[in-house]
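Hi everyone, thanks for coming. I'd like to walk you through one structure today, so have a look at it first and then we'll go through it piece by piece.

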Amino acid sequence: MQLYTGLKIFHYQDKLDSLSQDSSEIKAPIHIRIKPTNLCNHNCSYCVYRNKNMQLGKDMVIKDKIPAKKMDEIVEDCIEMGVKAVTFSGGGEPFCYPYLAKTAQSLVDGGIRIASLTNGGLLKGDAAEVFAKHGTWVRISMDGWDGPSYAKFRSVPREEFSNVIKNIENFKKMGGECFLGVSYIVNRENAEHVFEMGKKLKEIGVDSVKFSACVVSNEGDANNAYHAPIFEKVKEETQQAVEDLADDSFEVFDSYHHLDEEFETKYDWCPYQQILPVIGADLRVYSCQDKAYNLDCGVLGELTDQRFKDFWFNGNDKFFKIKPSRDCNHHCVSNSKNMLIHEYLDADPNHLAFV
Ligand code: SF4
């Protein structure tokens, strides 16, 4: 079964049919990303939220976190609205959020699937137990291949690499069926270690490794230029990982060689902002993870003085202010999915029967 297919949204036809500006109905988002806190226990050299040259995160305030009461209200609304899934992500490190265990458990009790992105350094204790037992997936971002390289990328003590490895091993022993993946962020310094890390991760019980390209610029061409010297080497390494490591118990996914597809948004409205919006630690709702903490272009609304459900269902004009062909000249993780949806919605009704 495929984990990373971009066709999942086509299992929600009612939602697809409600997306256009002419639709009389607003439906709840299927999936929400919540950034509970902007604090982080690591300090990655390439973190797009802290890189001053990147548009992503440019207005982020590190001390922001969602107050406990507001988080309870958001959880209640998500349950009432029929949201299907919530993923916790950064800004900061979700496991730095003091109310993560309670929030995650409340979502589970309300029938919502949960997942989290994390650096894995704090993947232990009550919050880890909730995710291990009830989570659908947890994905740990990694880059180094040993203590010194990991410490260099993240400005952490050398022991942090073995701490994360130990947390991974212990998480798998907590029981439950949570799928544990690693996103290995490939850059010029670790390109020679791609296969080696895939092998190590399989040996310690990880279920899946996704090789992802380090994003270094808002421009597609500049990213291509950065990755050009290692592109073929990484291809060799990922292919070897697929051939030697992938089996029924271990998935290898090469996202690295698809970075190109995540630039050049050529359409005039964005379907995905109604499917997978982001709630930031600053209590703003953003169109997507690529525009989080962009106050000039990315904010759909604010939750300081209103409930999420009231904001969401109060008119659909807010979903059509961003014109991607004009406003999204940067990385867009949903670009290929948006293009598929536009093609689906643009199909001529008079010709649908001629399948
Ligand atoms: S970056 Fe992509 S997902 Fe975000 S608003 Fe633009 S088109 Fe939509």
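**A walk from the core outwards**

Let's start with I168, which touches I140, M142, L180, V182, I204 and V206, leaving aside residues up to four places away in sequence. Before I go on, keep in mind that this is a predicted model.

So where does I168 belong? It is among the residues with the most contacts inside the largest nonpolar core. That core has 83 residues, and the others with the most contacts in it are F131, I140, M142, F171, V186 and F308. Apart from it lies another core, this one of 13 residues, including C44, C47, Y286 and Y293. If you're new to this, here's the general background: in soluble globular proteins, nonpolar side chains tend to be buried together.

You just heard F131 mentioned, so let's look at its helix. Which residues of helix α4, residues 125–134, are buried? They are A127, A128, V130, F131 and A132. And what do these buried residues pack against? The list is β2 (85–88), α3 (100–109), β3 (113–118), β4 (137–142) and α6 (159–173).

Staying with α6, have a look at E160, which sits in that helix. Is E160 buried or exposed? It counts as buried, because its relative accessibility is 14% and the cut-off for buried is under 20%. Leaving out residues up to four places away in sequence, E160 touches N41, H42, G121 and Y150. Its C-alpha atom is also 9.5 Å from that of P148, and those two residues are twelve apart along the chain.

Now, the ligand. The space it takes is the largest cavity. Around the ligand you'll find Y267, C270, S287, C288, P324, C328, H330, C332 and N338. Sorted by class, that shell has six nonpolar residues, three polar ones and no charged ones.

Remember N338 from that shell, as it also turns up in the contacts of Y272. Y272 lies in the loop between β7 (251–254) and β8 (278–279). Not counting residues up to four places away in sequence, Y272 touches I9, P277, S334, K337, N338 and I341. Pick out K337 there: Y272 and K337 are 65 residues apart along the chain, yet their C-alpha atoms are separated by 7.8 Å. Y272 counts as buried too, at 10% relative accessibility.

Last stop, the backbone. As a rule, most residues other than glycine have a negative phi, and most peptide bonds are trans. With that in mind, here are three spots to find on your screen.

- A cis peptide bond joins G90 and G91, with omega at about -10°. G91 is in the loop between β2 and α3.
- S155 has a positive phi, near 50°, and is not a glycine. You'll find S155 in the loop between α5 (147–154) and α6.
- Y293 has a positive phi as well, near 60°, and is not a glycine either. Y293 is in the loop between β9 (284–286) and β10 (299–302).

What about the surroundings of those last two? S155 is exposed, with a relative accessible area of 54%. Y293 is buried, with a relative accessible area of 1%. And Y293 takes us back to where we began, as it is among the residues of the 13-residue core.

That's my tour, thanks for listening!

Definitions and conventions:
Residues are numbered from 1 along each chain as its sequence is written. This is a predicted model: local features need pLDDT of at least 70, side-chain atom pairs count only at pLDDT 80 or more; totals for chains, interfaces and linings use all residues. Side-chain values use heavy atoms; hydrogens and water are left out. A nonpolar core is a set of buried Ala, Val, Leu, Ile, Met, Phe, Trp, Tyr and Cys residues joined through side-chain atoms within 4.5 Å. Buried means under 20% relative accessible area, exposed over 50%, partly exposed in between (1.4 Å probe, protein chains only). Contact means heavy atoms within 4.5 Å. A residue is near a molecule or strand if one of its heavy atoms lies within 4 Å of it. On a 1 Å grid over the protein atoms alone, a cavity is a set of points where a 1.4 Å probe fits but cannot get out, and a pocket is an open set with protein on both sides within 12 Å along at least five of seven lines; lining residues have an atom within 4 Å of a point. A molecule sits in a cavity or pocket if more than half of its atoms lie within 2 Å of its grid points. Ala, Val, Leu, Ile, Met, Phe, Trp, Tyr, Cys and Pro count as nonpolar, Asp, Glu, Lys and Arg as charged, and the others, Gly among them, as polar. Helices (H or I, at least four residues) and strands (E, at least two) are DSSP runs, numbered from the N terminus.
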